[in-house]
Amino acid sequence: MIISVLRSETGEGLRAILREPTALLFSVLMPVGFYALFTSIFGDQQQANGLPFAATSLATYGAFGVVSVMLLNPGIGVAEDRTRGWLRVKMVSATPIGVSLAARLLAALPYAVGVLVAMTVASALITGTMVDPVTWLRLVAVLVVGGMPFALLGMAVGFVTSSNAAAAILNAVLFPMVLASGLWIPLEVMPGFIQAVAPFLPTYHLAQLAMAQITGAPASGHLLAVLATTVVAALVAGVAYRNLRV
């Protein structure tokens with residue numbers, strides 16, 4: 001019964017993302033477009049770790065793409081349900097509310113993986129650069145699982161704001177955080193104050209954890225930072241849900 005409801009709710013969540021062109025543009029198409037653009041310009045340039053830009057940027061732009069999907073889509077979806085009164089209906093229906101919320105999260109996962117697949121195809125078409133399949137699978141697993149705390153933060157905003165406000169707030173948080181984490185432009189060429197801020201941002205640690213799958217660099221500190229972010233995001237989402245007004 002619960003599995004059937006979860007499957008139905010997840011299917012509805014998948015269709016809801018397609019029906020929201022703004023979220024689709026900012027969370028799916030823009031990251032892939034940015035990756036294709038910068039890879040076409042810098043794709044063959046060797047980085048300090050000896051790898052081409054097209055390979056290392058799969059981690060940084062991949063983190064940008066996954067965080068965009070996981071932060072925006074569940075958050076805006078929950079806010080729309082709340083604004084339209086569907087969240088109230090679900091809360092008083094026989095469907096456990098946890099199943100509905102889990103479906104929102106699960107519905108975002110195919111889009112997150114789709115962004116990474118599209119970037120990988122773009123890399124192969126533009127520069128011919130490919131990471132080996134095992135490394136690619138590790139990269140995808142790290143980014144998708146590491147994107148979970150951002151989904152929780154997105155839903156926390158969706159619990160307390162309208163859909164329009166949620167979109168504005170989440171985009172206002174996302175883009176400065178992505179820029180200051182070096183996901184678009186390498187931190188080495190950024191101003192000193194941004195380099196000082198980056199280690200305090202969860203997107204920086206997720207990108208570095210993904211990068212370590214390609215370079216083999218130590219990543220235990222970044223893993224701990226992502227786990228700590230998950231705990232904090234779960235607490236914030238829990239508090240927001242307890243104060244939910246439908």
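This passage goes through the main pocket, one salt bridge, a nonpolar surface patch and a few single residues of a predicted model.

The pocket makes a handy starting point. The largest one has a volume of about 670 Å³. Its lining runs to 30 residues, and those closest to the centre are Gln47, Pro186, Leu187, Glu188 and Met211. As for where the lining comes from, helix 10 (202-215) gives the largest share, with six residues. Helix 2 (21-42) and helix 3 are also on the list, each of them supplying at least two residues, as helix 10 does. Sorted by class, the lining of the largest pocket comes out at 17 nonpolar residues, 12 polar ones and just one charged residue.

Next, the charged side chains. The salt-bridge count for the model is one. The partners are aspartate 81 and arginine 104, whose side chains meet at 3.0 Å, N to O. This pair ties together distant parts of the chain: aspartate 81 sits in helix 3 (residues 53-84) and arginine 104 in helix 5, with their positions 23 residues apart in the numbering. Neither partner is out on the surface in the sense of being exposed; aspartate 81 and arginine 104 are both buried.

Helix 5 turns up again at the surface. Val117, Val121, Leu125 and Ile126 together make a nonpolar surface patch of about 350 Å². Of these, leucine 125 belongs to helix 5, which spans residues 97-126. Leucine 125 counts as exposed because its relative accessibility is 72%, and the cut-off for that label is over 50%.

Elsewhere in helix 5, the picture changes with valine 99. Valine 99 has a relative accessible area of 10%, so it is classed as buried; the limit here is under 20%. In space, valine 99 and serine 4 lie 10 Å apart, C-alpha to C-alpha, despite a gap of 95 residues in sequence.

Back in helix 2, there is proline 31 to consider. With a relative accessible area of 0%, proline 31 is buried. Its C-alpha atom is 26 Å from that of leucine 224, and 193 residues separate proline 31 and leucine 224 along the chain.

Notes: Residues numbered from 1 in each chain as written. Predicted model: local features only at pLDDT ≥ 70, side-chain atom pairs only at ≥ 80, totals over all residues. Heavy atoms only, no water. Patch = residues over 30% accessible without salt bridge, like charges linked within 9 Å, V, L, I, M, F, W, Y side chains within 5 Å. Areas by Shrake-Rupley, 256 points an atom, 1.4 Å probe, with all protein chains shown as cover. Salt bridge = Lys/Arg side-chain N within 4 Å of Asp/Glu carboxyl O. Helix = DSSP H or I, 4+ residues; strand = E, 2+ residues; numbered from the N terminus. Buried < 20%, exposed > 50% of the residue type's maximum accessible area, 1.4 Å probe, protein only. 1 Å grid on protein atoms, 1.4 Å probe; cavity = no way out; pocket = protein on both sides within 12 Å on 5 of 7 lines; lining within 4 Å. Points joined across faces, edges and corners; volume = space filled by probe spheres on them. Nonpolar A, V, L, I, M, F, W, Y, C, P; charged D, E, K, R; others polar.
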